[in-house]
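Here's a quick tour of a protein fold, put together for someone just starting out. Keep the picture open while you read, and find each piece as it comes up.

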Amino acid sequence: MPAVTVENLLVLPRVAAPAQTAPQRPVLHVGTAPGGFEGEGFPVRRAFAGINHAYLDPFIMMDQMGEVEYAPGEPKGTPWHPHRGFETVTYLIDGTFVHRDSHGGGGTINGGDTQWMTAGSGLLHIEAPPEELVVSGGLFHGLQLWVNLPKKDKMMPPRYQDIGGGKVALLTSPDGGALIRLIAGELQGEDGGHQGPGITHTPITMAHVSLSPGAELTLPWRPDFNALAYGLAGRGTAGTERRPFGTGRTVVFGDGGSLTVTADATQESRSPNFEFVLLGGLPIREPMRHYGPFVMNTDAELKQAFEDFQAGRLGTIPVGEE
């Protein structure tokens, strides 16, 4: 799991306990992510497959990439491809990935780092392991999340954010049983609000949590946000009704002002803690048309995106990399 950690959780700022009047969010659904392949053939789990978009909005999809131990020569990435109308968030847990795009954005991310690409009006990009990792092989594990943009922002200029693991806000629970890596959004603490470094157009919260065996985490959660949890490693339960979930399973929470996740007292040998991601966002509630690499509001806008891509108006692949 990520290099972003601390030896003593008790030195970290603590998140606030929810108000006693804040209703607990019930668990509406627990689903299992089916497997598939993406790009040049790296394995993924489709975290949101089969979940009604009304529960996901403003999120579109999320893939868990790996966890896979590559032999030398096996690491794979994606070819150059277009996007328009949304943001991609790549959170790398283990391994190394290189991003480049036709708008000039780019960088290398390692375990614990995040790259945040706002496709906006459109661009071409590529994500691939560096040459040294292809030669050596090694562990690769991460997440890619797609976040929708409202109609007013869909044609904004593209933007790239490189969020190193050292920039992530590190928090703990009141009893010190959880390490919370806040990537984007805000969580209320005992000493005020804590903000993740990710700059978002659509208001969201994204956090990676490591929960100690037997520990319980109850967080205040914006009532106007939706709430999702996805298991990365280990096992535990969601909600006060203690619905089981773990690796490769997605929890959809209902309405309320707080949510609870509990780690089982015994965890897997490969993961000493229960590792999961918490997501929430302000629903956009606009018509959405999603086809391949484009997410727009109407079929006509999708058609225009394809035409612009074919005409080279979303950018061009650098010479020598076709």
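Let's start with a turn: β13 and β14 make a hairpin with five residues between them, and Gly-176 in that turn has a positive phi of about 75 degrees. Keep in mind that you're looking at a predicted model. From the hairpin we can move out to the sheet it belongs to, then to a second sheet, a helix, the nonpolar cores and a couple of single residues.

**The hairpin**

- The two arms of the hairpin, β13 and β14 (residues 178-184), pair in the antiparallel sense over four bridges.
- To find one matching spot, look for Leu-171, which stands opposite Ile-180 in β14.
- Side chains on β13 go two ways: Ala-169 and Leu-171 point one way, while Leu-170 and Thr-172 point the other way, and all of them are buried.

**The seven-stranded sheet**

- Zoom out and the hairpin turns out to be part of an open sheet of seven strands, in the order β1-β22-β19-β24-β17-β14-β13, with antiparallel pairing.
- At the edges sit β1 (27-32) and β13 (169-172), each pairing on one side only.
- On average, neighbouring strands here are turned by 20 degrees against each other, direction ignored.
- Starting from the β1 end, β1 and β22 pair in the antiparallel sense over five bridges, and His-29 stands opposite Val-252 in β22.
- Strand β22 (residues 249-253) is mostly covered, with four of its five residues buried.
- Next along, β19 and β22 pair in the antiparallel sense over three bridges, with Val-251 in β22 as the bridge partner of Ala-229.
- Then β19 (residues 228-233) pairs with β24 (residues 274-281) over five bridges, again in the antiparallel sense, and Gly-231 stands opposite Phe-276 in β24.

**The four-stranded sheet**

- There's also an open sheet of four strands, in the order β18-β23-β20-β21, with antiparallel pairing.
- Its edge strands are β18 and β21 (243-246), and each of them pairs on one side only.
- The twist in this sheet averages 25 degrees from one strand to the next.
- Five bridges join β18 to β23 (residues 258-263), and these two run antiparallel.
- One bridge to look for links Thr-218 with its partner Thr-260 in β23.

**Helix α3**

- Here's a sum you can check: at 1.5 Å a residue, the 12 residues of α3 (residues 299-310) should span 16 Å, and the end C-alpha atoms are 17 Å apart, which agrees.
- Which residues of α3 are buried? They are Leu-302, Ala-305 and Asp-308.
- Looking down the axis of α3, you'd see its buried residues fall within an arc of 125 degrees, so they line one face of the helix.
- Over on the other side of α3, Asp-299, Ala-300, Lys-303 and Gln-310 are exposed.
- The cover over the buried residues of α3 includes β25 (289-291) and β26 (294-296).
- After α3 comes Gly-312, with a positive phi near 80 degrees.

**The nonpolar cores**

- In soluble globular proteins, nonpolar side chains tend to be buried together.
- In this model, the largest nonpolar core has 31 residues, and Phe-48, Phe-59, Met-62, Leu-145, Met-206 and Leu-279 touch the most other members.
- Elements giving two or more residues to this core are β4 (59-70), β6 (86-94), β11 (138-148), β14, β17 (204-211), β19 and β24.
- Leaving out residues up to four places away in sequence, the contacts of Met-206 include Val-89, Tyr-91, Leu-145, Leu-278 and Leu-279.
- A second, separate core of 29 residues includes Leu-217, Phe-225, Ala-227 and Ala-238.

**Two residues to click on**

- Phe-225 is in the loop between β18 (216-220) and β19.
- Is Phe-225 buried or exposed? At 4% relative accessibility, Phe-225 counts as buried, because the cut-off for buried is under 20%.
- Residues touching Phe-225 include Arg-25, Pro-203, Ile-204 and Leu-282, not counting residues up to four places away in sequence.
- His-194 is in strand β16 (residues 192-195), and at 14% relative accessibility His-194 counts as buried too.
- Among the contacts of His-194 are Pro-13, Leu-171 and Leu-182, again not counting residues up to four places away in sequence.

Notes: Residues are numbered from 1 along each chain as its sequence is written. This is a predicted model: local features need pLDDT of at least 70, side-chain atom pairs count only at pLDDT 80 or more; totals for chains, interfaces and linings use all residues. Side-chain values use heavy atoms; hydrogens and water are left out. Two strands pair if DSSP finds at least two bridges between them. Axes are lines fitted to C-alpha atoms, for helices over the stretch in contact, and angles run from 0 to 180 degrees between N-to-C directions. Buried means under 20% relative accessible area, exposed over 50%, partly exposed in between (1.4 Å probe, protein chains only). The expected span of a helix is 1.5 Å times one less than its number of residues. The arc is that of the directions from the helix axis to the C-beta atoms. Contact means heavy atoms within 4.5 Å. A nonpolar core is a set of buried Ala, Val, Leu, Ile, Met, Phe, Trp, Tyr and Cys residues joined through side-chain atoms within 4.5 Å.
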